[in-house]
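Hi,

Here is the structure I said I would pass on. Have a look at it first, and then read my notes underneath.

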Amino acid sequence: MFHNEVFFTEKQGDGKQIARQIVESTSETAAIIAIGGNGTVHEVANVVFSFKHGIVGYIPAGTGNDFSRGIRIPNHPRK
């Protein structure tokens, strides 16, 4: 069954905390889509990839977006 929720970060470390809560709350596949910049995707990916049932998606929305440029995805998706 598909379930979705939206969470917002307010400060450094929030992405890590939210991602951990999500993947630890289930044994089912947990797909987390990080929308933000390098810091957001870094926090989320580092937590989620430590679990076998975690998947990370990424929509770049930061200012520098070095990560998205490095993996050659558009820096600013269509609005």
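Let me start with helix H2, which runs over residues 38–48: its buried residues are Val41, Glu43, Val44, Ala45, Val47 and Val48. Before you read too much into any of this, please keep in mind that the model is predicted. As for what those buried H2 residues pack against, the list is helix H1 (14–24), strand E1 (30–36), strand E2 (54–60) and helix H3 (66–70). A general point may help when you look at the spacing: an α-helix has 3.6 residues a turn, so residues three or four places apart point the same way.

Three of the H2 valines, Val44, Val47 and Val48, also turn up in the largest nonpolar core. That core has eight residues, and the others are Ala19, Val23, Ala30, Ile32 and Ala34. H1, E1 and H2 are the elements that contribute two or more residues to it. If you want one residue to click on, try Val48: leaving out residues up to four places away in sequence, it touches Ala19, Val23, Ile32, Gly54, Ile55 and Val56.

Now the overall picture. The chain has three helices and two strands, and going along the sequence they come in the order α-β-α-β-α. How does the radius of gyration fit a compact globule? For 79 residues you would look for a value near 12 Å, and the chain has 13 Å, which agrees. Along its principal axes, the C-alpha trace spans about 35 × 25 × 25 Å. Of the 79 residues, 30% are buried. If you take the contacts with a separation of 6 or more, 48% of them are between residues 24 or more positions apart.

On the surface side, the accessible area comes to about 6100 Å², and carbon and sulfur atoms account for 54% of that. There are 8 positive and 7 negative charges, and their mean positions lie 11 Å apart.

Three more residues that I went through one by one:

- Ala34 is in strand E1. Its relative accessibility is 4%, so it counts as buried. Beyond residues up to four places away in sequence, Ala34 touches Thr40, Val41, Val44, Gly57, Tyr58 and Ile59. Val6 is 28 residues from Ala34 in sequence, and their C-alpha atoms are 10 Å apart.

- Ile33 also belongs to strand E1. Is it buried or exposed? At 51% relative accessibility, Ile33 counts as exposed, since the cut-off is over 50%. Leaving out residues up to four places away in sequence, Ile33 touches Gly57 and Ile59. Asn65 lies 32 residues from Ile33 along the chain, with 16 Å between the two C-alpha atoms.

- Asn38 is in helix H2. With 29% relative accessibility, Asn38 counts as partly exposed. Which residues does Asn38 touch, not counting those up to four places away in sequence? They are Tyr58, Asn65, Asp66 and Phe67. For Asn38 and Asn65, the C-alpha atoms are 5.9 Å apart in space, while the two residues are 27 apart in sequence.

That is what I have so far. Shout if anything looks odd on your screen.

Cheers

Technical notes:
Residues are numbered from 1 along each chain as its sequence is written. This is a predicted model: local features need pLDDT of at least 70, side-chain atom pairs count only at pLDDT 80 or more; totals for chains, interfaces and linings use all residues. Side-chain values use heavy atoms; hydrogens and water are left out. Helices (H or I, at least four residues) and strands (E, at least two) are DSSP runs, numbered from the N terminus. The radius of gyration is taken over C-alpha atoms; the globule rule is 2.2 Å times the number of residues to the power 0.38. Buried means under 20% relative accessible area, exposed over 50%, partly exposed in between (1.4 Å probe, protein chains only). Contact means heavy atoms within 4.5 Å. Accessible areas come from the Shrake-Rupley method with a 1.4 Å probe; for residues, only the protein chains shown count as cover. Lys and Arg count as positive and Asp and Glu as negative; His and the chain ends are not counted. The place of a charge is taken as NZ of Lys, CZ of Arg, CG of Asp or CD of Glu. A nonpolar core is a set of buried Ala, Val, Leu, Ile, Met, Phe, Trp, Tyr and Cys residues joined through side-chain atoms within 4.5 Å.
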